[in-house]
Amino acid sequence: LDGFVSQVTDFKYEVIVNDDASPDKTAEIIREYEKKYPDIIHGIYQTENQYSKNVNITEKILFPAVKGKYVAICEGDDYWTDPSKLQRQVDALEKNKDCFFCVHKTVEVSEDEQPTGITFPEVECAEGKILPDEFLMMGQNYQFQTSSYLFNGDMWREYEKNPPEFKTVCAVGDETYMLYFASLGPVYYIDAAMSCYRRGVPTSWSERQKKGNRIKNVCRQTENMAQTLQSFDRYTEGKFHDICLLRESQQMYMGLMLSGNTRTLFKMKNREIFNKLSLKRKITAAVACCIPFITKKMYSRKLFGEK
């Protein structure tokens, strides 16, 4: 909340804060900030946790309340660190009318807010417009963190009101944001660290994926992303077909290596997918067909950093 109210802008902005009826006194804190910053902070207070009832929080609770020309997102684990964040992002979209989405650099921190040495994006990226094809390829490795997102409000509302099929298919909301807005035009990138992503919070999506059967969870995720990319390919009428195929091949390779079922890649129906793999991965997949148990174990150790 401090990161929100510290923003310095030449326009009015409001912050919609959703309290999920948690027992940690969050509601009391929000009310304190509402009282101190009545023109900025606006709380939405659930009496019962709606997420646990499978209610789409964005669609059912936040969407009706968001009216701004631009929309920014910050999940509860993360925070903004630069008072000029909103102003710089809005200025970028105002000056570049063909862009409907703006992102910036984000620093990863541990649960106690100590930097981990990782930033998003992890690769060098020049400030300015990123063309759709390049942005979609960068998105495969999750180069841009949610706390850096700022959207054109009308485009965001259209997306939430009339969600494309790939949004309803995908289990990860920020992935589909990147797909959708890249399909609209260039994405503007600001090469300045203006938010922090907190790693290791027990209730976060990434941490929940580590619980239970980790291999099964990842296999399910890769299958879901492959289906999402197929749906996105149909949505864009093949405009990014090669990119979708390449990304789908990487998802399938990961899932099939972990499940020990790489023979699937060699079936005729997957020929186009197989051809997108690198020579090294083709050879590895072929070897895995012969010794699936050993390669599955080795790949799992490599992927999860296990000894």
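The following legends describe close-up views of aromatic and charged side-chain contacts in a predicted model.

**View 1. Edge-to-face pair of Phe-4 and Trp-80.** The structure holds 22 aromatic pairs. In the pair formed by Phe-4 and Trp-80, the ring centres lie 4.7 Å apart and the planes meet at 70°, an edge-to-face arrangement. The contact links distant parts of the chain, 76 residues apart: Phe-4 belongs to helix α1 (residues 2–5) and Trp-80 to strand β4 (residues 79–80). Phe-4 has a relative accessibility of 13% and therefore counts as buried. Trp-80 is likewise assigned as buried, because its relative accessibility is 9%.

**View 2. Tilted pair of Tyr-159 and Tyr-177.** The ring centres of Tyr-159 and Tyr-177 are 5.3 Å apart; the pair is tilted because the planes stand at 40°. Tyr-159 lies in helix α6 (residues 153–161) and Tyr-177 in helix α8 (residues 173–184), so the contact ties together parts separated by 18 residues in sequence. Both Tyr-159 and Tyr-177 are buried. The two tyrosines also belong to one aromatic cluster, whose members include Phe-101, Phe-135, Phe-144 and Tyr-189.

**View 3. Charged end of Arg-31 over the ring of Tyr-45.** The charged end of Arg-31 is placed 4.0 Å from the centre of the Tyr-45 ring.

**View 4. Salt-bridge network of Lys-69, Glu-94 and Lys-97.** Across the whole structure, 11 salt bridges are found. Within this network, the side chains of Glu-94 and Lys-97 meet with an N to O distance of 3.5 Å. Glu-94 counts as partly exposed because its relative accessibility is 29%. Lys-97 has a relative accessible area of 56% and is therefore classed as exposed.

**View 5. Salt bridge between Glu-113 and Arg-198.** The closest N and O atoms of Glu-113 and Arg-198 are 3.4 Å apart. This pair links distant parts of the chain, with the two positions 85 residues apart: Glu-113 sits in the loop between β5 (101–109) and β6 (115–120), and Arg-198 in strand β9 (residues 187–198). Glu-113, at 44% relative accessibility, counts as partly exposed, whereas Arg-198, at 16%, counts as buried.

**View 6. Salt bridge between Glu-160 and Lys-167.** The side chains of Glu-160 and Lys-167 meet at 3.7 Å, N to O. Glu-160 is buried, with a relative accessible area of 5%. Lys-167 is also buried, its relative accessible area being 17%.

Technical notes: Residues numbered from 1 in each chain as written. Predicted model: local features only at pLDDT ≥ 70, side-chain atom pairs only at ≥ 80, totals over all residues. Heavy atoms only, no water. Phe/Tyr/Trp six-rings, centres within 6.5 Å; stacked < 30°, edge-to-face > 60°. Helix = DSSP H or I, 4+ residues; strand = E, 2+ residues; numbered from the N terminus. Buried < 20%, exposed > 50% of the residue type's maximum accessible area, 1.4 Å probe, protein only. Lys NZ or Arg CZ within 6 Å of the ring centre and 35° of its normal. Salt bridge = Lys/Arg side-chain N within 4 Å of Asp/Glu carboxyl O.
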